[in-house]
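Here is a friendly walk through a two-chain model, best read with the structure open beside the text. Shall we begin with the core and work outward from there?

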Amino acid sequence: MRVLMLGWEFPPHISGGLGTACYGITQGLMEKGADIAFILPSMKADKSTPGSYLRSASGVPISRALKKAVEKVQRQQESDEFSHLFMRPVNARLNPYGSYDFGQLGIDPDVFNENDQYVEEISHFRGGYHDDLMDEVYRFTTAASAVVLEEHMKKRADVIHAHDWMTYPAAITASRLSGLPFVAHLHATEFDRCGDHGYDKIYNIERDGLQAADHVIAVSERTKQVAVERYGVPPEKVSVVYNGAFLHEKIPTFEIPELVREEKRVLFMGRVTFQKGPEYFVEAARLVLNEMPDVRFIMAGNGDLLPRMIRRVAELRMGSRFHFPGFMRGKDVQHMYSMATLYVMPSVSEPFGIAPLEALQCGAPILLSKQSGCAEVLPGALTVDFWDVRRMADKILDVLNHPDMAAESLRLCQDALQQLTWERAADGILDAYAHVCPNARS
Amino acid sequence: MPSVCFCFEVHQPYRLRPYSFFDLGARNDYEDVQQNRSIMRSVAEKCYLPMNALLLELIERHQGRFRVSFSLSGVVLDQLMEYAPDALESFRALARTGCVEFLDETDGHSLASIFSEDEFRSQIQRHRERMLELFGQRPRAFRNTEFIYNNEVARIVEEMGYSTVLADGASQALDWRSPHFVYRPRGCSNLKLMLKSESLSDDIAFRFSSRAWPAYPLMADTFAGWLRGMKGNGEVINLFMNYETFGELQWAETGIFDFMRALPDEVLRDPDFDFLTVSEAADRYPVRDELDIPWYVCRTGAGQDLSAWLGNDMQKDAARALYECQGMVAYLGNDEVTKTWRRLQSSDHLYYMNVPQSQDGGAAFFSPYKTPLEAYTNFMNVLADFRIRLFAESNR
């Protein structure tokens with residue numbers, strides 16, 4: 001089983017939740033014997049990478065013939081239902097040397113037009129998320145297709161597996177040129193990120209990608225429902241595969257200073273953005289502090305709503321009880337979770353959510369919004385509607401007042417966590433592949 | 001016969017170090033020692049030492065006819081003792097000339113006058129003791145932090161036995177009146193009010209090196225000419241400014257030291273003029289009118305109200321959380337705790353949380369923080385730790 005994956009994040013190159021999930025998925029699949037080439041827009045050459053399966057689309061030579069073939073696909077798409085996919089022509093950079101030695105693999109024969117084998121351009125990507133993201137997404141289509149074809153010819157592949165909308169246009173094109181089936185992995189939708197106020201352009205790319213895909217993998221039932229209801233994907237075309245947790249062998253113990261050992265700490269950790277619901281946490285904190293003035297709240301993370309949250313905390317006059325340690329990384333993250341009496345994830349919409357799994361391993365009970373996908377696999381977790389601030393405060397107070405109840409919830413969640421392995425996720429993904437390629441299990 | 005009264009404000013804040021959440025309960029060293037030391041050394045080298053030497057030279061040369069006043073915050077005294085004993089010694093040398101008056105202010109450079117009369121009084125008391133100890137003087141004049149002033153402040157100051165109080169002269173309360181006379185605060189029977197001569201003081205403090213200013217470059221004889229223009233229109237010319245004007249805000253290269261070196265000669269050339277310390281001037285000139293200022297006024301450049309320190313929610317929250325500690329601090333009566341609390345009261349900490357409203361605010365705004373939000377969150381971390389210790393101590 002050979003999988004060509006297209007992704008936008010991969011540790012250590014830009015690693016949010018998406019990158020972490022991609023890492024787990026590749027690890028799981030590789031243990032199942034799959035052969036994977038993971039194609040990213042850009043990688044920093046100076047960083048060493050685990051495994052040799054990572055491929056950067058930066059600096060890949062693109063022949064005239066390939067460009068023409070991509071343009072042809074694009075024209076077809078435009079005349080088809082894919083009217084939203086628009087490939088921007090990139091400034092041509094003539095390079096007289098270098099050409100592909102394509103074999104015959106059922107690939108669009110235009111790619112091998114001998115008159116057009118000179119290199120027309122070499123694309124370079126910054127990777128990550130910048131102002132020119134949309135431009136990079138479009139350019140990635142051609143560059144990633146080149147890599148896919150090259151890999152496919154090096155060793156016959158079975159499937160193209162693309163993670164989130166940034167890579168869907170590339171996957172569609174590469175799939176059409178190579179004849180390989182395309183599996184779209186839905187980690188998050190524009191509705192998760194922006195509610196009902198997302199970018200139409202991104203929504204359109206997502207919809208076209210999900211509809212063009214031969215099969216779709218959603219990270220939770222909740223996300224599957226979104227794919228079906230808001231993107232018009234037939235339900236039988238969607239498999240639900242929950243993410244796994246990276247189970248740590250050992251969590252380091254962190255010394256808590258004696259003076260604050262008995263304090264009760266309630267933690268929010270994540271991007272301080274609309275999707276994560278930070279304002280509901282702040283308002284709940286006010287209600288909790290009214291009842292229990294000696295609780296300490298922490299909002300760790302950075303994001304566009306951070307200044308507003310700080311001002312709101314000041315306005316509510318709770319700055320000496322509510323702390324903003326900023327973006328945390330590495331050991332500090334575990335340190336924070338380990339200190340927390342309760343971890344709250346009040347996300348407005350969370351397709352899955354990896355952070356609570358980390359929190360559980362560090363021994364923090366969790367309170368999740370009902371709008372979080374991971375709640376589906378953590379039956380012991382406390383849940384609340386993200387908007388129900390009163391209830392959220394009540395549940396926080398319950399945990400603080402009844403440590404036994406909190407410990408029981410934690411135990412149930414930790415048990416469930418043991419089942420959440422990437423190996424199990426890989427099994428689910430192989431089952432999903434089986435819908436589109438016959439030899440998925442070989 | 002107008003008198004020229006220089007009064008220099010000397011203050012440097014204790015800047016806080018980046019205090020992380022994980023430090024809560026673990027570390028109680030709040031100050032950025034390295035930064036404070038290096039700034040203090042730099043200010044001492046550029047301003048305190050050369051300017052004190054110049055003033056000493058002028059006092060000796062003019063044999064008692066050149067006189068100035070100083071107001072040093074307790075916070076700067078602490079730092080002088082710690083990081084610049086040589087500069088402190090040069091202030092003491094000035095005190096010994098008998099031509100330099102030292103004023104009292106709040107020991108912590110605090111806004112205590114707004115939040116707590118008790119704390120205000122005890123900070124003044126503490127400052128008084130230090131003036132006697134360090135400079136051998138019992139101050140008769142008082143200048144509140146940031147020139148914060150109203151009738152109530154005047155009342156307390158009078159009750160504490162001072163004969164003179166200083167305030168900013170740009171207040172709307174002055175209406176048509178001139179700051180070049182001595183006033184009596186409403187409700188006081190002995191206290192005299194000396195007002196800063198706004199325009200003339202700022203000519204030196206702010207405009208001196210501005211090339212866009214028509215009077216640039218300002219020469220001592222020109223400035224003395226402006227002062228002579230006051231003859232018949234006023235009795236006191238109060239030149240109140242930050243001492244860091246000399247060598248720090250206005251670099252030595254601007255010629256500020258040469259200007260000051262030449263100024264006494266130019267002023268004293270007219271026999272109708274002399275230099276006095278603020279208390280001497282208040283003693284000599286009669287009260288010309290009563291001034292009723294019921295609301296708070298403060299130094300200009302910060303707006304007419306207290307919004308530079310207490311204008312937004314972050315500042316209000318920080319101030320509230322800070323002064324909430326008063327009862328507990330008093331209950332403990334521990335000198336170390338009190339000292340820490342006072343240092344946290346420095347108005348600078350609140351000022352850093354000020355969000356500059358206008359373009360002119362931006363230019364003069366100095367802060368060790370990147371944003372006012374960072375100033376707030378860092379200060380609140382420190383304050384949270386202080387409060388944790390306060391409660392732990394009181395439960396012992």
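In this predicted model, the largest nonpolar core has 253 residues, and those touching the most other members are A:Ile39, A:Leu267, A:Ile366 and B:Ala318. Domain 1 (3-291) and domain 2 (307-394) of chain B both contribute residues to this core, so it lies between them. As a general background, nonpolar side chains in soluble globular proteins tend to be buried together.

Which residues does A:Ile366 contact, apart from its neighbours within four places in sequence? They are A:Tyr343, A:Met345, A:Pro356, A:Ala359, A:Leu360, A:Ala381, A:Leu382 and A:Cys413.

**Helix 1 of chain B**

This helix runs over residues 33-62. Its 30 residues should span 44 Å at 1.5 Å a residue, and because the C-alpha atoms at its ends are 40 Å apart, expectation and model agree. Along the way, helix 1 of chain B bends by about 50° at B:Ala44.

B:Ala44 is also one of the buried residues of this helix. The others are B:Asn36, B:Met40, B:Val43, B:Cys47, B:Tyr48, B:Met51, B:Asn52, B:Leu55, B:Leu58 and B:Ile59. What covers them? The cover includes strand 2 (68-72), helix 2 (74-83), helix 3 (85-96) and helix 9 (256-268), which belong to chain B.

Right after helix 1 of chain B comes B:Gln63, with a positive phi. B:Gln63 sits in the loop that leads from helix 1 to strand 2 of chain B.

**Backbone points worth a look**

Most residues other than glycine have a negative phi, and most peptide bonds are trans. Two residues with positive phi are set side by side here.

| Residue | Phi | Other C-beta atoms within 10 Å |
|---|---|---|
| A:Asp164 | near 65° | 22 |
| B:Gln63 | near 45° | 8 |

Is A:Asp164 buried or exposed? With 22 other C-beta atoms within 10 Å, where 20 or more are needed, A:Asp164 is buried. Its place is the loop between strand 6 (159-163) and helix 4 (168-178) of chain A. B:Gln63, by contrast, is exposed, because 8 such atoms fall under the limit of 12 or fewer.

One more backbone feature is found in chain B. Which kind of peptide bond, cis or trans, joins B:Tyr216 and B:Pro217? The bond is cis, with omega about -10°. B:Pro217 lies in the loop that connects helix 7 (198-205) with helix 8 (220-228) of chain B.

Key:
Residues are numbered from 1 along each chain as its sequence is written. Chains are lettered from A and ligands numbered from 1 in the order in which they are written. This is a predicted model: local features need pLDDT of at least 70, side-chain atom pairs count only at pLDDT 80 or more; totals for chains, interfaces and linings use all residues. Helices (H or I, at least four residues) and strands (E, at least two) are DSSP runs, numbered from the N terminus. The expected span of a helix is 1.5 Å times one less than its number of residues. The bend at a residue is the angle between axes fitted to the seven residues ending there and the seven starting there. Two residues are in contact if their C-beta atoms, placed from the backbone, lie within 7 Å. A nonpolar core is a set of buried Ala, Val, Leu, Ile, Met, Phe, Trp, Tyr and Cys residues joined through C-beta atoms within 7 Å. Domain bounds come from an automatic or database domain assignment.
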